[in-house]
Every structure is written in structure tokens, then in C-alpha cells.
Amino acid sequence: PDFDPVTFGQRFTRRTALARGIKIHYVEGGSGNPVLLVPGWPQSWYAWRHVMPLLAETYRVIAIDPPGLGDSERPAAYDTATIATYVDAFVDALGLDRVDFVGHDIGAWIGYAFAARYPEKVRRLALVDAAIPGIAPAEAFALTPERINKTWHFSFNALPGLPEALVAGRERMYLAWLFQSRAADKTAIDDAALDEYTRVYAAPGAMRSGFEYYRAIFASIEQNRATAAQKLPMPVLAAGGAQWLGSVMEVMVAPVARDLHVEIIPDCGHFVPEEAPQALARSVQKFLDSP
């Protein structure tokens with residue numbers, strides 16, 4: 001679908017909120033029960049631009065830039081238990097008791113950590129196409145011929161110092177390669193989207209803070225293994241692009257969810273909110289409204 005910034009700007013407003021001393025940038029619109037949309041790396045709130053108008057018909061939609069990503073300020077630590085404390089403070093800053101949480105990629109990492117630690121604040125949790133550290137099966141990270149395109153960046157991004165040195169001045173090239181290699185629909189992330197993602201990740205320190213999520217992955221794994229001993233009490237949707245993680249999502253989430261719903265989005269790669277926004281919005285709406 002085409003994206004018209006003017007029409008979008010008439011329905012949605014950019015704001016910031018202070019959470020534990022850092023500014024969190026978010027975009028919101030619509031009214032009703034609050035739905036928190038959290039993107040992953042290397043993206044920003046903008047990944048939800050096609051989904052937001054669809055959900056804003058019936059919900060108050062709040063799309064955030066996670067700490068350190070997009071236009072949000074950068075925290076000191078990036079393990080997902082720490083990041084969850086910023087989300088908790090953000091929810092408090094907006095005066096919300098409970099939210100429906102929809103996370104894609106690293107947004108799903110954050111979603112699991114937040115829901116496991118603050119279950120009383122999450123009414124329903126949707127996890128979209130992400131290998132969540134500590135609960136993903138080992139094969140999700142395996143360096144095999146058929147999986148290398150899906151897994152190599154975990155090691156590269158986690159290296160100290162090297163990735164930002166190599167990517168500096170080549171942010172657009174790196175991002176374009178990632179989007180092209182992971183999307184089934186190669187047109188889903190167009191030049192305008194690539195311009196926006198390049199803008200936020202070419203900012204000083206932005207690539208480094210994105211890589212820090214990967215450098216903290218071993219801490220996040222230990223944290224999530226500890227919380228996985230208790231199943232999540234709220235209903236959980238595991239959604240995957242059929243041509244990316246797909247059925248791995250169910251294998252990963254089933255052991256940690258009491259009430260599991262699964263959606264495999266056909267003809268879709270990793271970037272589900274942009275490749276299949278209508279299908280994802282339908283799945284999320286059906287899940288949020290189910291008894």
C-alpha cells in the first residue's frame with residue numbers, strides 16, 4: 001500500500017515521554033483500548049505506518065521507538081530486562097494501567113521480557129517474526145547453508161566495535177541489503193522508507209546503540225531462561241512470515257504461553273508489518289477481540 005505522510009499526519013501525532021530519564025519518541029492516534037506497537041532493528045516506529053491506520057479505527061494506537069532506536073534517546077544498558085523497565089516507565093508516563101503489546105523483531109524480544117516481568121500491565125501479547133533470545137530453539141540461530149542469511153547478523157552485530165566501523169558512511173547500503181535479503185516482497189520497503197531508516201541510523205551513535213541489543217544478547221538469554229520457568233498468564237499471539245520464521249514461532253512460544261494463538265502470514269518474509277500490513281492487522285485485531 002502507498003503511504004501518504006499528509007493524510008497520516010492528520011490522524012497521528014508525534015510526541016515524546018520521559019521514561020527513567022530518557023526521552024522515548026512515539027507516534028499515536030485513534031481511540032479505544034491502548035495498543036503499543038514496538039518495532040525492531042534496523043527500523044523505527046515507521047515500520048508500523050501501514051498497520052496504524054487500520055488498527056486506529058478501533059484502538060488507541062501508540063507506536064514507539066524503543067530506547068536507543070529511531071528518535072528515542074539512548075540508555076546505558078540494552079539487555080531486554082533493563083529495556084523492559086523503560087517500557088514500564090513509559091506506560092506509567094502515559095497514565096496507562098494495561099496495554100495490548102505488539103512487538104516485531106527486537107520489539108518482540110522486548111515484549112516477552114516486559115510481559116514476563118510486568119504481567120499485570122499486559123492484557124494481550126503479540127510476538128511477530130522474531131527469534132527471542134533464551135526461548136528460541138537452537139536451530140533458530142544455527143549457521144547452516146539454509147539459515148545463514150537469517151542468522152549471520154547475530155554474530156556480526158555482536159562484535160565489539162567492528163560493525164559500526166565498517167558500516168559508518170555506508171548505512172544506506174547495509175540497510176538496503178538487509179531489507180532486500182529478508183523480504184519476500186522486495187517492494188515493501190521503498191526508497192522513502194529506506195530514506196527514513198537511513199536518516200535515523202546514520203545519526204551519531206545510532207548504529208552502535210542498535211548493535212548494543214545484540215551485544216547484550218547473552219545477558220538477555222540468561223534473563224529469559226529464568227523467566228521461562230513460569231508461563232505467561234495472558235493470551236499470546238505468535239505470528240510469523242511464511243517465508244521467514246513461520247512455524248518456528250509456534251515452536252518457540254508454545255513452551256512459555258498458557259493460551260497460545262498462531263498465525264502464519266503467507267507469501268511474507270521477515271518484515272511482516274510492511275510486507276503484509278492488512279493481513280497482520282486482521283490477525284492482531286482478531287486476536288485482541290477474541291474472548
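Here is a short chat about the fold and core of this predicted model.

Modeller: Ground rules: this is a predicted model, with local features needing pLDDT of at least 70, side-chain atom pairs counting only at pLDDT 80 or more, and totals for chains, interfaces and linings using all residues. Numbering starts from 1 along each chain as its sequence is written, and side-chain values use heavy atoms, with hydrogens and water left out.

Biologist: What radius of gyration does the protein have, and why does it agree with a compact globule?

Modeller: The radius is taken over C-alpha atoms, and the globule rule is 2.2 Å times the number of residues to the power 0.38. With 291 residues, that puts a compact globule near 19 Å, so the protein agrees at 17 Å.

Biologist: What share of the residues count as buried?

Modeller: Buried means under 20% relative accessible area, using a 1.4 Å probe and protein chains only. Of the 291 residues, the share that passes is 59%.

Biologist: Which helix gives the largest share of the largest nonpolar core?

Modeller: Such a core is a set of buried Ala, Val, Leu, Ile, Met, Phe, Trp, Tyr and Cys residues joined through side-chain atoms within 4.5 Å. The largest one has 106 residues, with Leu36, Met52 and Phe90 making the most contacts inside it. Its largest share is eight residues, from helix 4 (residues 106-117).

Biologist: Which residues is methionine 52 in contact with, leaving aside neighbours within four places in sequence?

Modeller: Contact means heavy atoms within 4.5 Å. With those neighbours set aside, the partners of methionine 52 are Phe8, Phe12, Val27, Leu37, Trp45, Val61 and Ala63.

How values were computed. Buried < 20%, exposed > 50% of the residue type's maximum accessible area, 1.4 Å probe, protein only. Helix = DSSP H or I, 4+ residues; strand = E, 2+ residues; numbered from the N terminus.
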